[in-house]
Amino acid sequence: MNRRMALAVLALAGTFVSLYLYLYKIGKIGTLACGTGGCETVQLSPQSRFLGVEVALIGVIGYLLLLGLAVASLQPRFLGRSWPLLGLFVATGGAFFFTAYLKYLEFFVIHAVCRWCVVSAVIITIMFVVAAVEWRRAREVESTG
């Protein structure tokens, strides 16, 4: 239960980070608190859009989806079920690999690193690992229950 709550809290934190970056991208925030200028370089690069959609907006939507799945997994009727955790595992896995692609772009194409993007990458990596552990545990409980 504690790890499931941690997933929800991490998803909420990721939502705030992505929302902050998206608000900057659409001009609602004047400058980013970054310190190096790398955040602006990344956010203003052509790679800050994926299939015509702002990557930060994809992050907001993705983290909200993860938050919904994490909250669903906390509901008493789902505590003994593995499917909400399977959803979290699959969704965080997809997000993890998308984030790895974005990190590749930062390092080798844009040649700048956004500290907020690194925070998001750490959040999604932790979420992926925790979701995998929780899903495996829930499957074991289902099979023995």
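**View 1. Helices around the largest pocket.** Helices here are DSSP runs of H or I, at least four residues each, numbered from the N terminus. With that labelling, α4 hands over the largest share of the lining of the largest pocket, ten residues. Keep in mind that this is a predicted model. At least two lining residues apiece come from α1 (2-25), α2 (38-43), α3 (55-74), α4 (83-110) and α5 (115-144).

**View 2. Inside the largest pocket.** The volume here is about 530 Å³. Lining this pocket are 29 residues, and Val55, Gly59, Phe98, Thr99 and Leu102 sit closest to its centre. By chemistry, the lining splits into 17 nonpolar residues, ten polar ones and two charged ones.

**View 3. The largest nonpolar core.** This core has 19 residues, and those touching the most other members are Leu7, Tyr63, Leu66, Leu88 and Met127. Two or more residues come from each of α1, α3, α4 and α5. This time α5 gives the largest share, with seven residues.

**View 4. Zooming in on Leu88.** Leaving out residues up to four places away in sequence, Leu88 touches Leu7, Leu66, Leu69, Ala70, Ser73, Gly93 and Ala131. Two of these neighbours, Leu7 and Leu66, are also on the list of core residues that touch the most other members, as is Leu88.

**View 5. A second core.** Apart from the largest nonpolar core lies another one. This core holds 14 residues, including Tyr24, Leu32, Val42 and Ala112. As background, nonpolar side chains tend to be buried together in soluble globular proteins.

Terms used
Residues numbered from 1 in each chain as written. Predicted model: local features only at pLDDT ≥ 70, side-chain atom pairs only at ≥ 80, totals over all residues. Heavy atoms only, no water. 1 Å grid on protein atoms, 1.4 Å probe; cavity = no way out; pocket = protein on both sides within 12 Å on 5 of 7 lines; lining within 4 Å. Points joined across faces, edges and corners; volume = space filled by probe spheres on them. Nonpolar A, V, L, I, M, F, W, Y, C, P; charged D, E, K, R; others polar. Core = buried A, V, L, I, M, F, W, Y, C linked by side-chain atoms within 4.5 Å. Buried < 20%, exposed > 50% of the residue type's maximum accessible area, 1.4 Å probe, protein only. Contact = heavy atoms within 4.5 Å.
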